[in-house]
Each structure stands twice: as structure tokens, then as C-alpha cells.
Amino acid sequence: MRYMVTIYNNDATLQAIEGSDREEFERVHRTVQEELRASGELVATHELSDVEACVVLDRAGERIVTDGPLTRVGDFAGGYYLIDCVDIERAAE
């Protein structure tokens, strides 16, 4: 079964990533990617733009397009992992 693991960011996360926590951020993602590649579960992964983004919704056949990538609480999708694994428990792991 394929699962999409979405990585959400916010302004505080971005500031930390660009600061002293950058090396740890990159190390964690490298480790996850290496594990998923080794197990054959990684289908795709990519960082998403927070500049040229919008949210498109379909509400009863009506298309709604929002400005920017933000959710109601100020988070936005910063990237994703598309994985193919045995079940939801493994995907959450």
C-alpha cells in the first residue's frame, strides 16, 4: 500500500532550519531516506516550495483556491515522502 507522509513547517521551524539546527535537520532526513531506500519502501521524496504555492479544494463541485500554502493554523506542507509499505503502522513509524 502506498502512503504519503507530509512534512509540515511553520515560520518557527523555518527559522530553526536556517539556523543552528540545519545540520540536525539534514542528518535526520538523510537517515530516513537511507532507511527507506534500503528497505525498498521509498517511492519518492521532495521538498515543496513555500513561495509559489496555493491550496486547491473541491467543495461540492466548487473549486476553491487559497492564497499561499498556509493551513488555518499557519502551517504549510514543506515536503513529502511517498512510501510503499506493508501497513499504516509502518508508514507512521
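I88 counts as partly exposed, since its relative accessibility comes to 48%. This residue is found in helix α3, and its C-alpha atom is 7.8 Å from that of Y3, even though the two are 85 residues apart along the chain. Keep in mind as we go that this is a predicted model.

That pairing is a handy way into the overall layout. The protein chain has three helices and five strands, and reading along the sequence gives the pattern β-α-α-β-β-β-β-α. Among contacts with a separation of 6 or more, 72% join residues 24 or more positions apart. As for the surface, the chain exposes about 7100 Å², with carbon and sulfur atoms supplying 51% of that area. Buried residues make up 18% of the 93 residues.

Now let's walk along helix α2. This helix runs over residues 22-39, 18 residues in total. From first C-alpha to last it reaches 26 Å, close to the 26 Å expected at 1.5 Å a residue. Its buried residues are H29, Q33 and L36. They sit on the same side of α2 because they cover an arc of only 65° around the axis. The general background is simple: an α-helix has 3.6 residues a turn, so residues three or four places apart point the same way.

What does that buried side pack against? The buried residues of α2 pack against β1 (2-9), β2 (42-47), β5 (76-84) and α3 (88-92). So much for one side; turn the helix around, and the face away from the buried side carries the exposed residues E23, E34 and A38.

H29 deserves a closer look. At 18% relative accessibility, H29 counts as buried, because the cut-off is under 20%. Set aside neighbours within four places in sequence, and H29 is in contact with I7 and Y81.

Finally, have a look at the backbone. Just after α2, G40 takes a positive phi of about 80°. Further along, A60 also has a positive phi, about 55°, although A60 is not a glycine. In general, most residues other than glycine have a negative phi. Where does A60 lie? The residue is in the loop between β3 (54-59) and β4 (62-67). With a relative accessible area of 90%, A60 is exposed.

Conventions
Residues are numbered from 1 along each chain as its sequence is written. This is a predicted model: local features need pLDDT of at least 70, side-chain atom pairs count only at pLDDT 80 or more; totals for chains, interfaces and linings use all residues. Side-chain values use heavy atoms; hydrogens and water are left out. Helices (H or I, at least four residues) and strands (E, at least two) are DSSP runs, numbered from the N terminus. The expected span of a helix is 1.5 Å times one less than its number of residues. Buried means under 20% relative accessible area, exposed over 50%, partly exposed in between (1.4 Å probe, protein chains only). The arc is that of the directions from the helix axis to the C-beta atoms. Contact means heavy atoms within 4.5 Å. Accessible areas come from the Shrake-Rupley method with a 1.4 Å probe; for residues, only the protein chains shown count as cover.
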